[in-house]
Amino acid sequence: MILALETSCDDTCAAVLTADGELRADVVSSQGVHAAFGGVVPELASRHHLELVNVVVDDALARAGATLDDVTLVAVTQGPGLVGALLVGVATAKGLAAARGLPLAPVDHLQGHVAANFLGPDVLEPPFLCLIASGGHTLLVRADDHRGFTVLGRTLDDAAGEAFDKGARLLGLGYPGGPALSALACDGDPQAFAFPTAARVAGLDFSFAGLKTALLYAVRDLGADETRRRAADLAASYEHAIVEALVLRLERALAGQPGATVAIGGGVAANRRLRARVEGLGVPVHVPPPALCTDNAAMIASAARWVPPVPFPDHLGLDAYATRRHAA
Ligand code: KG4
Ligand code: ZN
């Protein structure tokens with residue numbers, strides 16, 4: 001069995017997967033502490049991972065009805081992410097593997113998001129296009145095979161989830177604000193305000209900084225009372241712009257690969273407007289269940305099935321990395 005750990009941001013996660021891909025346990029402990037600060041505080045995240053990681057691993061093994069004796073491979077997110085947070089997972093994984101003389105599979109977090117699609121019961125086989133949109137990343141890739149992907153486009157500034165969160169903050173909603181902004185948008189008119197979709201950014205890269213600034217100016221020009229009165233219209237128009245920006249790049253990618261299957265992942269995949277727009281593209285669409293779209297260790301275990309394992313003691317030299325190593 002594969003025991004996987006994921007601690008790249010503010011969720012402490014462990015999962016147990018059989019060697020042939022059957023998910024036995026998937027435990028996520030979310031750190032609510034960051035909400036008070038309006039965003040993830042890296043040092044706090046590391047400290048909480050340290051407190052939670054052993055409990056979460058024990059819980060995952062117990063739920064799987066397994067012990068460390070059943071584990072044949074330890075997997076861990078090596079990067080990208082908050083380096084202090086990643087180090088807690090990497091050090092814990094090395095410790096577990098060393099204690100048992102087991103091999104270790106270092107997994108790229110973004111490959112993990114892609115590999116969420118390889119988990120059952122609805123398994124997607126590569127090749128496919130995959131849009132990963134979360135609070136930390138916005139990336140359009142082609143999953144070429146089970147082992148890797150080609151980056152087609154990435155955000156030049158903010159991530160899509162970050163754009164949702166910053167917009168929500170400007171509208172006085174809580175953190176993370178994506179779900180709240182989206183709920184508010186249900187009662188609004190998406191055409192009420194014309195927010196930019198960075199359509200002029202050629203190719204498949206994304207940019208959300210201008211959109212955030214446009215909302216800032218709109219809120220400033222309207223004033224507090226009018227902003228409150230028109231909050232639903234502002235939210236709907238803002239959400240519309242983010243979704244159209246994402247879908248525009250998907251359409252451009254599909255123009256080069258007509259009929260390709262599209263998978264979406266990351267927290268923003270929960271967005272109803274995005275799902276509806278992607279489902280309307282006229283190509284097969286695959287969205288893993290919500291728990292596998294947001295950060296989790298099951299996707300890390302899934303990716304680990306195709307990562308060359310590093311034997312003990314060679315893996316003791318592995319380090320975490322904060323940013324993606326192989327730019328494409
Ligand atoms: O993947 P995720 O749980 O964590 C990481 O950032 O890695 O993604 C969280 C992000 C947040 O920015 C949150 O606001 C956004 O996903 N999000 C949504 C929705 N649900 C979560 N954004 C828009 N609409 C939603 N329904
Ligand atoms: Zn993620």
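Me: Are His-109 and His-113 buried or exposed?
Reply: The model here is a predicted one. Buried stands for under 20% relative accessible area. By that cut-off, both His-109 and His-113 are buried.

Me: How far apart are His-109 and His-113 in helical turns?
Reply: Both histidines belong to helix α3, residues 109–115. They are four residues apart in that helix, so the separation is about one helical turn.

Me: Which protein residues are donors of the zinc ion (ligand 2)?
Reply: In sequence, the donor residues follow the spacing H-x3-H-x181-D. The donor atoms lie 2.1 to 2.2 Å from the zinc ion. Two are NE2 atoms of histidines and one is an OD atom of an aspartate: His-109, His-113 and Asp-295.

Me: What area do domain 1 and domain 2 bury between them?
Reply: The domain assignment gives domain 1 as 2–115 + 293–317 and domain 2 as 124–287. Their C-alpha centres lie 28 Å apart. Across the boundary, 15 residues of domain 1 are in contact with 19 of domain 2. Carbon and sulfur atoms account for 68% of the buried area, which is about 1400 Å².

Me: Which residues of domain 1 lose the most area to domain 2?
Reply: Three residues together supply 40% of what the domain 1 side buries. They are Val-114, Cys-293 and Trp-306.

Me: What is the distance between the end C-alpha atoms of helix α1?
Reply: Helix α1 has 22 residues, 42–63. At 1.5 Å a residue, it should span 32 Å. The model agrees with this, even though α1 bends by about 45° at Leu-52. The end-to-end distance is 29 Å.

Me: Which elements do the buried residues of α1 pack against?
Reply: The buried residues of α1 include Ala-45, His-49, Val-53, Val-56 and Leu-61. The buried set packs against three strands and one helix: β1 (2–6), β2 (11–17), β3 (23–30) and α2 (83–100).

Me: Which residue just after α1 takes a positive phi?
Reply: Helix α1 covers residues 42–63. Just after it, a phi of about 65° is found at Gly-65.

Me: What is the relative accessible area of Leu-246?
Reply: Leu-246 is found in helix α7, residues 231–256. Beyond its neighbours within four places in sequence, Leu-246 is in contact with residues including Leu-131, Ala-160, Phe-206, Phe-208 and Val-268. Leu-246 counts as buried because its relative accessible area is 0%.

Me: What distance separates the C-alpha atoms of Leu-246 and Gln-111?
Reply: Along the chain, Leu-246 and Gln-111 are 135 residues apart. In space, their C-alpha atoms are separated by 20 Å.

Notes: Residues are numbered from 1 along each chain as its sequence is written. Chains are lettered from A and ligands numbered from 1 in the order in which they are written. This is a predicted model: local features need pLDDT of at least 70, side-chain atom pairs count only at pLDDT 80 or more; totals for chains, interfaces and linings use all residues. Side-chain values use heavy atoms; hydrogens and water are left out. Helices (H or I, at least four residues) and strands (E, at least two) are DSSP runs, numbered from the N terminus. The expected span of a helix is 1.5 Å times one less than its number of residues. The bend at a residue is the angle between axes fitted to the seven residues ending there and the seven starting there. Buried means under 20% relative accessible area, exposed over 50%, partly exposed in between (1.4 Å probe, protein chains only). Contact means heavy atoms within 4.5 Å. Donors are N, O and S atoms within 2.8 Å of the metal (3.2 Å for Na, K and Ca); water is not among the atoms, so sites may look incomplete. Domain bounds come from an automatic or database domain assignment. Buried area is the accessible area (1.4 Å probe) that two parts lose on being put together, summed over both.
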